[in-house]
Amino acid sequence: MNKNKICFIMCTNNTQYASECQRYLNSLIIPIDYHIDFLAILDADSIAAGYNEGMNATDAKYKIYLHQDVFIINKNLLIDILNIFKDITIGMIGMVGCKELPKTGVMWYGERVGNIYSNHIYNSYQSDLLPFEGQYCEVNAIDGLMLITQYDLPWRDDLFKDWDYYDISQSCEFINAGYKIVVPNMKSPWCIHDDGMVDLNNYYQNREIFLKTYKINRAL
Amino acid sequence: MNSSHNFTNLDSEENINNEINELNDWNEKYGIYLSAYTNRINMLLLEHSNIALNELSNLFYDKQFIQQYKSIPSIAYMIVIMTIYKDESGDSDLTQTILDNGNNIDELISHFKEIKFLLWNIEFDVDKSDALVILNEYIANGHITITELTYIIQSTSINRVEIFLNISRFLRFNNNTKGALSLLSNANTIFFVNELILCEIADIYFQCGCNEVALKFLNMIENKSECTSCLKNKWGLI
């Protein structure tokens with residue numbers, strides 16, 4: 001494992017998004033003595049399968065799993081996350097998360113922390129999530145738009161065959177393995193998410209799988 | 001800002017079941033026609049005759065169609081695109097419209113996203129200079145109209161006033177004063193009585209020697225700040 005390497009891992013099916021995402025990655029400040037790598041997983045069977053493929057294909061200690069429609073605008077992101085990962089009990093960082101996962105397992109029905117610019121085709125906006133004090137807030141689930149890890153745990157591609165719940169599942173895996181998950185205290189958003197409209201056609205089936213698999217430790 | 005603070009009352013299995021039922025209902029009643037609508041829209045875009053574009057416009061005037069399909073990404077993009085087209089087609093000076101940028105929905109969305117991405121490059125300073133040059137070229141060669149640019153700024157940018165100012169200044173710098181003024185005029189309609197925009201418009205008119213028009217815009221500003229004083233000072237009015 002290379003402790004001085006950071007790898008971006010992205011599942012993509014759209015070259016326009018992939019190249020735009022890459023443009024933002026190219027503008028990031030690279031910490032001294034660190035190497036940056038980028039893996040695009042094309043046409044993965046599922047996001048969990050794609051992320052497993054990416055995770056196993058790199059020797060980078062730090063991995064940034066991101067959606068193709070996420071553009072990182074905090075040029076200092078890499079330095080910021082390395083600072084947070086100085087605490088070796090922190091396993092994963094996200095941009096948006098829940099301190100307490102709602103009992104239904106639907107993250108947006110809970111109180112979320114974080115900071116993000118989103119575009120929903122008709123308009124762009126900054127999400128007004130719960131404020132908090134300190135460098136970061138410990139959460140028990142994060143949104144998959146961007147997940148940053150310093151330890152490797154397999155993604156549950158045996159359970160989640162679509163594009164939903166891989167993120168909350170991975171959050172549970174990290175917590176069950178004894179790691180903390182945090183959302184940084186971002187004064188302004190670190191990324192834009194061009195997330196369009198939510199497609200819930202497979203969401204509820206995956207929710208059932210999630211609820212059956214994990215006994216949710218809702219409160220931290 | 002969108003708030004996520006008040007959703008906790010929706011965190012129940014009863015609510016989830018209602019949502020699933022609504023989704024299934026929608027799929028049964030409307031989802032089954034989506035591919036037929038998509039094919040028809042693509043056919044009309046490809047045909048591109050006046051009759052075809054008229055039929056397309058009528059579809060997007062249909063409130064029921066909009067209501068039922070506005071949450072489908074491809075239709076949502078087309079709703080915005082057809083709103084732009086409606087405005088553009090009312091302007092007899094224009095030789096091109098947004099619909100000339102693609103023969104089907106996917107191509108038009110790709111065009112829309114290209115402009116959206118350029119605007120974010122400008123806003124978040126990622127290859128900003130290149131983005132401004134490209135946008136300026138696109139405007140100069142008619143690839144996009146000021147009307148289209150205005151709508152995409154509205155739907156895409158976070159700090160919209162700043163983006164309007166940024167682009168209009170770049171257009172001015174590249175001798176497209178007419179384009180700059182047109183963009184600022186649209187911005188002035190959206191952000192009525194915004195000092196920064198009114199000062200920018202006034203500055204253009206002062207530069208052109210139209211001092212009376214410039215003053216008319218300056219007089220529209222209700223709460224004048226340092227920005228207005230600076231402009232007056234620049235043109236020897238103080």
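**Entry 1: helix packing in chain B**

I take helix axes as lines fitted to C-alpha atoms over the stretch in contact, with angles from 0 to 180 degrees between N-to-C directions. The model I examined is a predicted one. In chain B, I looked up how helix H5 (residues 73-89) packs against helix H6 (residues 105-123), and I found an angle of about 70° with the axes 10 Å apart. Since angles of 65 to 115 degrees count as roughly perpendicular, I recorded H5(B) as roughly perpendicular to H6(B). The crossing of H5(B) past H6(B) is left-handed.

I then listed the residues that meet. H5(B) contributes B:Ser74, B:Tyr77, B:Met78 and B:Ile81, and H6(B) contributes B:Ile105, B:Leu108, B:Ile109 and B:Phe112. By class, I noted seven nonpolar residues, one polar and no charged in this contact of H5(B) with H6(B).

**Entry 2: overall form of chain A**

I turned to chain A and noted five helices and 14 strands in its secondary structure. Its C-alpha atoms fill a box of roughly 45 × 40 × 40 Å along the principal axes. I also checked the radius of gyration: chain A has 16 Å, which agrees with the value near 17 Å for a compact globule of 220 residues.

**Entry 3: the sheet of chain A**

I traced an open sheet of seven strands in chain A, with mixed pairing and the order E2-E1-E3-E12-E5-E13-E10. Strand E2 (35-42) and strand E10 (136-139) of chain A are the edge strands, each pairing on one side only. From one strand to the next, I noted an average twist of 25°.

Within the sheet I followed one pairing. Strand E3 (residues 60-66) of chain A and strand E12 (residues 146-149) of chain A run antiparallel and are joined by four bridges. For A:Ile64, I found the bridge partner A:Ile148 in E12(A).

I also looked for a helix against these strands. Helix H1 (residues 15-26) of chain A lies across strand E1 (2-12) and E2 of chain A, and H1 runs at about 155° to E1(A).

**Entry 4: the contact between chains A and B**

Finally, I looked up the interface and found 32 residues of chain A in contact with 31 residues of chain B. On the side of chain A that touches chain B, the elements giving two or more residues are H1, strand E8 (117-119) and strand E9 (124-128) of chain A. E9(A) gives the most to this side, with five residues. I recorded the classes for this side of chain A as 16 nonpolar, ten polar and six charged residues.

Conventions. Residues are numbered from 1 along each chain as its sequence is written. Chains are lettered from A and ligands numbered from 1 in the order in which they are written. This is a predicted model: local features need pLDDT of at least 70, side-chain atom pairs count only at pLDDT 80 or more; totals for chains, interfaces and linings use all residues. Angles under 35 degrees count as roughly parallel, over 145 as roughly antiparallel, 65 to 115 as roughly perpendicular and the rest as oblique. A crossing is left-handed if the near helix is turned anticlockwise from the far one by less than a right angle, and right-handed if clockwise. Two residues are in contact if their C-beta atoms, placed from the backbone, lie within 7 Å. Ala, Val, Leu, Ile, Met, Phe, Trp, Tyr, Cys and Pro count as nonpolar, Asp, Glu, Lys and Arg as charged, and the others, Gly among them, as polar. Two strands pair if DSSP finds at least two bridges between them. The radius of gyration is taken over C-alpha atoms; the globule rule is 2.2 Å times the number of residues to the power 0.38.
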